[in-house]
Amino acid sequence: MAKKSVWSDNRFWQRTAAWITGFASILLIWLTFDTNAQIAMGNDSDLKNGVTKRVPGPTVINYKITYEMDKKRQHEVPVIGEKEKFFGRDDYSEEEATELLHLGKLGSQSKNCMNCHTLLGNGAYYAPDLTKAWLDPAWGPTGSMQAMTGKSTKEEAMAEFLQNPSQYPTHARMMPNLGITAEEAKGLVAFLKHMSSIDTNGFPRNFGKIQGAVNGK
Ligand code: HEC
């Protein structure tokens, strides 16, 4: 009997397929766990001990958030800085901060911000991406929004805008009034502040360089 080449042997291909499928399954399971660990939300003690998490804990709202260019990664990364007052306080407990973010998240869903905006890149393209809206210089001390809303802090100016957006026409397109209450606005601003602290691998690109959505044309 002539010797059959291994390449035309069915058993060889069956075994190869089984090994590759098995290996790929194990790799996928490992990657799933690795991803979950990377994106798991941090907590208050991480923040207090300076442990860097891609998604910092809710109490990040007690801190100042800035961005710095990371030479190695070649994009900007969030930097959690000193304590900073948020609606007059910098001592929100984990429970209080979680509750506030939860309120903001529910608000963003019930008012469907994604119908016009993108959050972390998901949503519609009618209005600017909100991932880093908290860091838009327009809301800062040198921006126009504090003066326009008559408020002296970023969070109050943003909350005022969210409650009465059509009163502050700043752009070619106007955000309509969505019936957002003062409490909901506070939650939404906390939600936006927390989102800006997430390490999104530099997304959206160059947001720190452009005078953001409100003033940018
Ligand atoms: C019907 C469309 C629409 C919906 C829904 C909407 N927005 Fe807007 N939003 C806009 C438009 C348009 C602008 C730009 C307004 C301007 O520049 O004056 C804007 C601007 C903003 C800004 C300023 C952006 C920046 O980078 O400084 C924030 C913050 C914001 N919206 C938050 C929200 C939140 C939170 C929700 C959901 C609760 C929401 N918007 C729902 C249309 C919408």
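**Figure 1. Helix 6 in the predicted model, shown from its first residue to its last.** Helix 6 comprises 15 residues, and the distance from its first C-alpha to its last is 21 Å, close to the 21 Å expected at 1.5 Å a residue. The helix occupies residues 182-196 and, with a mean pLDDT of 98, is where confidence in the chain is highest. Most of helix 6 is covered, since 13 of its 15 residues are buried.

**Figure 2. The largest nonpolar core and the helices that supply it.** This core contains 31 residues, and M158, L162, L188, V189 and L192 are those with the most contacts inside it. At least two core residues come from each of helix 3 (94-110), helix 5 (154-163) and helix 6. The greatest contribution is that of helix 6, which gives 7 residues. A detail of the view is centred on L162, which is in contact with I180, A185 and L188 when its neighbours within four places in sequence are left aside. L188 thus appears both among the core residues with the most contacts and among the contacts of L162.

**Figure 3. Helix 1, displayed along its full length.** Helix 1 covers residues 10-39. Its 30 residues should span 44 Å at 1.5 Å a residue, and the end C-alpha atoms are 43 Å apart, so the model agrees with the expected value. Helix 1 is hardly covered: the count of buried residues among its 30 residues is 0. For helix 6, by comparison, 13 of 15 residues are buried.

**Figure 4. The two domains of the chain.** Domain 1 takes in residues 12-38, and domain 2 takes in residues 43-196. Taken over C-alpha atoms, the centres of domain 1 and domain 2 are separated by 39 Å.

**Figure 5. The hairpin formed by strand 1 and strand 2.** Strand 1 (residues 63-70) and strand 2 (residues 75-83) run antiparallel and are joined by 7 bridges. Two of the facing positions are displayed: M69 stands opposite E76, and T66 stands opposite V79. There are 4 residues between the strands, and in this turn Q74 has a positive phi of about 60 degrees. Strand 1 has a mean pLDDT of 92.

**Figure 6. The surroundings of R54, in the loop between helix 2 and strand 1.** Helix 2 spans residues 44-48. Not counting residues up to four places away in sequence, R54 touches Q38, I39, I198 and D199. R54 has 17 other C-beta atoms within 10 Å and is therefore partly exposed. P176, which is 122 residues away from R54 along the chain, has its C-alpha atom 33 Å from that of R54.

**Figure 7. L178, in the loop between helix 5 and helix 6.** L178 counts as partly exposed because it has 16 C-beta neighbours inside 10 Å. L178 and N164 are 14 residues apart in sequence, and their C-alpha atoms are 8.3 Å apart in space.

**Figure 8. Backbone geometry at L120.** L120 is not a glycine, yet it has a positive phi of about 50 degrees. The residue is found in the loop between strand 3 (118-119) and strand 4 (122-123). L120 has 13 C-beta neighbours inside 10 Å and so counts as partly exposed.

**Figure 9. N201 and P204 in the segment after helix 6.** N201 lies in this segment and has a positive phi of about 55 degrees although it is not a glycine. N201 is exposed, because 10 other C-beta atoms lie within 10 Å. P204, also placed in the segment after helix 6, is joined to F203 by a cis peptide bond with omega of about -10 degrees.

**Figure 10. Confidence along the chain, with residues 211-217 in close-up.** The chain has a mean pLDDT of 91, and 93% of its residues reach 70 or more. Over residues 211-217 the pLDDT is below 50, and this stretch has 19 contacts in the model beyond near neighbours in sequence. Predicted coordinates should not be read in detail where pLDDT is low.

Technical notes: Residues are numbered from 1 along each chain as its sequence is written. This is a predicted model: local features need pLDDT of at least 70, side-chain atom pairs count only at pLDDT 80 or more; totals for chains, interfaces and linings use all residues. Domain bounds come from an automatic or database domain assignment. pLDDT is the predictor's confidence in each residue, from 0 to 100. Two residues are in contact if their C-beta atoms, placed from the backbone, lie within 7 Å. Two strands pair if DSSP finds at least two bridges between them. The expected span of a helix is 1.5 Å times one less than its number of residues. A residue is buried if 20 or more other C-beta atoms lie within 10 Å of its own, exposed if 12 or fewer, and partly exposed in between; C-beta atoms are placed from the backbone. A nonpolar core is a set of buried Ala, Val, Leu, Ile, Met, Phe, Trp, Tyr and Cys residues joined through C-beta atoms within 7 Å.
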